[in-house]
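Biologist: I'd like to learn how to read a few features in a structure. Can you walk me through them?

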Amino acid sequence: MANENENQVSCPIPATADLSRLTTVELSPQAQLPDYRVAMQIANTEAETRLGQYMLLSWYDRDRDFESPQHASECHQDSAVPGYVDYGIHHGATLKVDIEHGRFVFFYLAVDFS
């Protein structure tokens, strides 16, 4: 009798997210940013400079341990890849802006409304 486990397909969880299709910008302002709103203004300016028209897909604020879309990480509890990262990657993000070494992280998609 064959071992039942021999026929099971393994689907390993990646140790890190595949960011190879993204442009990643890491910013470390000299003075620590006061809050998420200031970080978003800086990230949006970076996105506009690099992408022109853009859409913010997902983000993370480590100070408040808050992500968007909300609860994206709930289905990633045992995963090495946070939900907001997975969401951004799988919804076409082309730019990742990381401010203060992961304190604030934003994923953007270039769009053309013309």
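Modeller: Sure, one term to begin with: buried means under 20% relative accessible area, exposed over 50%, and partly exposed in between, using a 1.4 Å probe and protein chains only. This is a predicted model: local features need pLDDT of at least 70, side-chain atom pairs count only at pLDDT 80 or more, and totals for chains, interfaces and linings use all residues. Residues are numbered from 1 along each chain as its sequence is written, and side-chain values use heavy atoms, leaving out hydrogens and water.

Biologist: Okay, is Lys96 buried or exposed?

Modeller: Lys96 is buried, yet has no salt bridge (a side-chain nitrogen of Lys or Arg within 4 Å of a carboxyl oxygen of Asp or Glu). Its nearest side chain of opposite charge, Asp98, is 4.3 Å away. Lys and Arg count as positive, Asp and Glu as negative; His and the chain ends are not counted.

Biologist: And how do I read aromatic pairs?

Modeller: You describe a pair of aromatic rings by the distance of the centres and the angle of the planes. Rings of Phe, Tyr and Trp (its six-membered ring) pair if their centres lie within 6.5 Å; planes under 30 degrees apart are stacked, over 60 edge-to-face, the rest tilted. This structure has 7 such pairs. In one of them, Tyr36 and Trp59 are tilted, 4.4 Å centre to centre with 35° between the planes.

Biologist: Which residues share a cluster with Tyr36 and Trp59?

Modeller: Tyr54, Phe66, Phe106 and Tyr108 join them in one aromatic cluster. Tyr36 is buried at 12% relative accessibility, and Trp59 is buried too, at 11%.
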